[in-house]
Amino acid sequence: MPGPGEVLLRVQAAGITFTELVWDATWFRDGQPRTPVIPAHEVAGRVVESGPQVDTVRVGDPVFGLIPFDRDGASAEYAVVPQENVALRPLEVDPIHAAALPLAALTALQALVDHGGILEGQRVLVQGAAGAVGIFAVQLARLRGAHVTAVAREQDREYLQLMGAEHVIDYTSTPVTADGDGYDLALYAANGAPTEATYAAVRTGGVLVCLNAPPDGELLNRYGIRGQFFVVEANRGQMDELANLAKTQQLSIPIAATFPLAEGRAAYESGARHGRLPGKTVLVVETAGTWLASS
Ligand SMILES: NC(=O)c1ccc[n+]([C@@H]2O[C@H](COP(=O)([O-])OP(=O)(O)OC[C@H]3O[C@@H](n4cnc5c(N)ncnc54)[C@H](OP(=O)(O)O)[C@@H]3O)[C@@H](O)[C@H]2O)c1
């Protein structure tokens, strides 16, 4: 049942982030274990019930959003979400694509804009460019007028160029090196931590944004660069911005794979495979026929 300020959603689709299964917030709240847990914190669904004091969405609204990580997620028929964590889904964006936006695209946007301070004309390096976050980072950096170098596998070169990358480095054969004087902004959106080569590729005074842990202070000092680490937060204004970019087809939402809810385990296990298609893996909770009937 939704509490004050919360809504109950009938889940249509749920985006998954493979690494969420190793995040503390998935398993603990206030230091206490909270198992069993329901993963998948990116949701697209329809509001079926409102708690008291809900004034931003109404029953029947199509929405998408980011569920706080220490709450149960959306790999279920229903999910309870704070109203401030959801935004209206434009009908031009179907639930599967909307479910791919909240965590991955918001992370890319917040990394580039809020933490990286991206400016038009800057040289931006995106490592993990074919992944769920990376593919949005490439597009959003390009939309802001940056010159993007994408680091991924050779198989994704053409696709990343189509998404706006000026240069693509195949990380399996070519080391990352500075482009001229170095990159103004580097986003490390692969798993784990960047090697020293990434720090060295950033120009003096530039910034390195990492998504898994704070960058190494000694290496930041050695290369005279700034480092940032953050955890993505729901932001309704930014979700509206992303939905509008998708609606107007300025932002492409690639889906690497979909799985029915009953195959949730296989969906998470697919994350261990290298060389997946670019983009996001999504659980389909309600079938398209049902959306059409209820839209
Ligand atoms: N701080 C936050 O708020 C936040 C939010 C979202 C995600 N994250 C973190 O960000 C990372 C990316 O998340 P995601 O959902 O985008 O994961 P993902 O979809 O698995 O993408 C990671 C991509 O990096 C590629 N890759 C692996 N090693 C690489 C390397 N050395 N250079 C370039 N690319 C490489 C992978 O492909 P191959 O392995 O096939 O090459 C894959 O395409 C995860 O570690 C996640 O935990 C943090």
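**Two domains and a bound ligand**

Between domain 1 and domain 2, the count of salt bridges is zero. That is a useful place to start in this predicted model. What, then, lies between the two domains?

First, the layout. The domain assignment splits the chain in two. Domain 1 is built from two stretches, 6–101 and 253–294. Domain 2 is one stretch, 104–229. The C-alpha centres of the two domains lie 27 Å apart. Each side brings residues to the contact: 14 from domain 1 and 14 from domain 2.

Now the interface itself. The size of an interface is often given as the accessible area lost when the parts come together. Here domain 1 and domain 2 bury about 960 Å² between them. Carbon and sulfur atoms account for 58% of that area. Which residues of domain 1 lose the most area to domain 2? They are Leu 101, Pro 254 and Pro 278. Together these three make up 42% of what the domain 1 side buries.

Polar links are present as well. Five residue pairs are in polar contact between domain 1 and domain 2, both partners being at pLDDT 80 or more. The domain 1 side that touches domain 2 is mixed in character: seven residues are nonpolar, four are polar and three are charged. Those three charged residues sit on a side that takes part in zero salt bridges with domain 2.

Next, the ligand. How many residues surround the ligand? The number is 25. The closest are Thr 19, Tyr 171, Asn 191, His 274 and Gly 275. By residue number, Thr 19 and His 274 fall in domain 1, while Tyr 171 and Asn 191 fall in domain 2.

Oxygen atoms of the ligand have polar partners in the protein. At Val 133, the partner is a polar backbone atom, 2.8 Å from a ligand oxygen. At Arg 153, a side-chain N or O atom is 2.7 Å from a ligand oxygen. At Asn 212, a side-chain N or O atom lies 2.9 Å from a ligand oxygen. On its own, the ligand has 920 Å² of accessible area, and the protein covers 89% of it.

Definitions and conventions:
Residues numbered from 1 in each chain as written. Predicted model: local features only at pLDDT ≥ 70, side-chain atom pairs only at ≥ 80, totals over all residues. Heavy atoms only, no water. Domains from an automatic or database assignment. Contact = heavy atoms within 4.5 Å. Buried area = accessible area lost by both parts, 1.4 Å probe. Salt bridge = Lys/Arg side-chain N within 4 Å of Asp/Glu carboxyl O. Polar contact = N/O pair within 3.5 Å; in protein donor to acceptor, adjacent residues only side chain to side chain. Nonpolar A, V, L, I, M, F, W, Y, C, P; charged D, E, K, R; others polar. Near = heavy atom within 4 Å. Areas by Shrake-Rupley, 256 points an atom, 1.4 Å probe, with all protein chains shown as cover.
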